Amino acid sequence: EREQRDAPAPLHTALADSEFSSAARFATATRPMTSALARTLGRRAFAPLSLRLATSRRLCTIPEGASAFRRRILALEALHQQQEELEQAQHKRMAELEAEFFAESQQIYAQRQSIVSGAEEPDDALVASSQMGQVLDDSSFAQGTGDPESDAAFFARGGVPHFWAGAIRGCDPFHEATDDEGEMLPVVCDGDWEVLQHLVDVSMDAWEPPQRSLGHLDAGVDDDGDEFGELSETIEEAGYSLTFRFAPNDMLAPGCEELTLYCYSHHEVADVSPQKIEWQPGRDPTVRTTTRRPKRRKGKPPPEPVTVEIPTDSLFRIFTPPLSLDDDFGDASGGYGEAEAAAGVAHPATLQEAVVAMVRETLIPHATAYYLKSMAGSNGFEEEDDDGYGDRHLAHIFGPGILKDELEMPDGFEPEAPP
């Protein structure tokens, strides 16, 4: 009563003083809110007096005639509990459904990779179910490049050479990524392609992150004088890993042919492996080498040229450990320092934010479509024949979102609806 008397005018100005007092006293008479409802409404959602009395379990007398209002409040809280239970059931069912589709997708990706790597040949039924047969037969791809020796060497390699490099080249989101300010991000740069031609697989697997602490509170006394014990809250999250596997090459040092990003479900990078990519001498795409001649001092012989490495943008900067980007945990210059900032290099955290979700949700599921799109530009699919095949047919099979340009179907072209 003293708090209510000293408090400013009530927010519910439409109620008379007596009515406001009755409503405030009644709010404390209801059973204590569940923890879930308390979290939803917040500790200070109601008038200070009523909420403090309710949360500290101090009950006052129920006003006469308030039982009907009390029943309504209890009914609303019960409905809220039903809604929470329904949401929990929905999240559980969605998690089960996602796990089921993830397992089936992994089987498709594994079979795709077996064909790409040349580990196995596709069976007749799988080949017959494709809609690309006539497109391949009618395109210049059927005649190869025109160089018999080059064509023979290419087709004799087995599998699908440069599949992942072609998929990345044909993936428009890689080349249209922007930062928070809408500026274009240099994701894949010229120096990266020499490394990406050795990329043999990009895969996604489930990963269970370690528990993260949301805070710790020592034992003490709250505002109402009630004692509470030591509090510590942690969160369990789902996660996944993205692994880029390379064939042995003259770019990456031995033992660094497998690069992995460990990510939380919201696509934040938690860790990388290895912590630092080792490159063959002079083959690091994250720097460019230039020669500078120091200024000649008067009376001194001309100084020898000095080789200087200047940081440059590169896709491989996404494999920067997150802790090396934070001054609170270590030397920030290990991931992004003054040299990178002076050179105008995109921040690794910005690249990770743009690339991680793109790889998981776009590149891996639609790699074949993006590879065919890149192949269309290099092997003549863009040249339509009289039947209207070409890029338009690719867009029809894989959806218009795969091709960057909006394409118009030629007159008389009525392809069958895809399954």
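**Exercise 1. Locate His 267 and name its backbone peculiarity.**

Step 1. His 267 sits in the loop between strand S7 (258-264) and S8. Strands (E, at least two residues) and helices (H or I, at least four) are DSSP runs, numbered from the N terminus.
Step 2. Its phi is near 80°, a positive value in a residue other than glycine.

The model is predicted: local features need pLDDT of at least 70, side-chain atom pairs count only at pLDDT 80 or more, and totals for chains, interfaces and linings use all residues. Residues are numbered from 1 along each chain as its sequence is written, and side-chain values use heavy atoms, without hydrogens and water.

**Exercise 2. Describe His 162 and the helix that follows its loop.**

Step 1. His 162 is in the loop between helix H8 (148-155) and H9.
Step 2. Its phi is positive, about 55°, although His 162 is not a glycine.
Step 3. His 162 has 35% relative accessibility, so it counts as partly exposed. The classes are buried (under 20% relative accessible area), exposed (over 50%) and partly exposed in between, with a 1.4 Å probe and protein chains only.
Step 4. In helix H9 (residues 163-170), 7 of the 8 residues are buried, so the helix is largely enclosed by the rest of the structure. Among the buried residues are Phe 163, Trp 164 and Ile 168.

**Exercise 3. Find the cis peptide bond and place its proline.**

Step 1. The cis bond joins Ser 273 and Pro 274, with omega about -5°.
Step 2. Pro 274 belongs to the loop between strand S8 (269-273) and strand S9 (287-292).

**Exercise 4. Analyse the largest nonpolar core.**

Step 1. Define it: buried Ala, Val, Leu, Ile, Met, Phe, Trp, Tyr and Cys residues joined through side-chain atoms within 4.5 Å.
Step 2. This core holds 53 residues; Phe 316 is one of those that touch the most other members, as are Phe 174 and Leu 242.
Step 3. Helix H13 (residues 348-363) gives the most to this core: 7 residues.
Step 4. List contacts (heavy atoms within 4.5 Å). Leaving out residues up to four places away in sequence, Phe 316 touches residues including Asp 192, Leu 196, Phe 246 and Trp 279.

**Exercise 5. Judge the confidence of the chain.**

Step 1. pLDDT is the predictor's confidence in each residue, from 0 to 100. The chain averages 74, and 63% of the residues score at least 70.
Step 2. Over residues 10-59 the pLDDT is below 50; this stretch has 65 contacts in the model beyond near neighbours in sequence.
Step 3. Residues 327-333 also have pLDDT below 50, with 7 such contacts.
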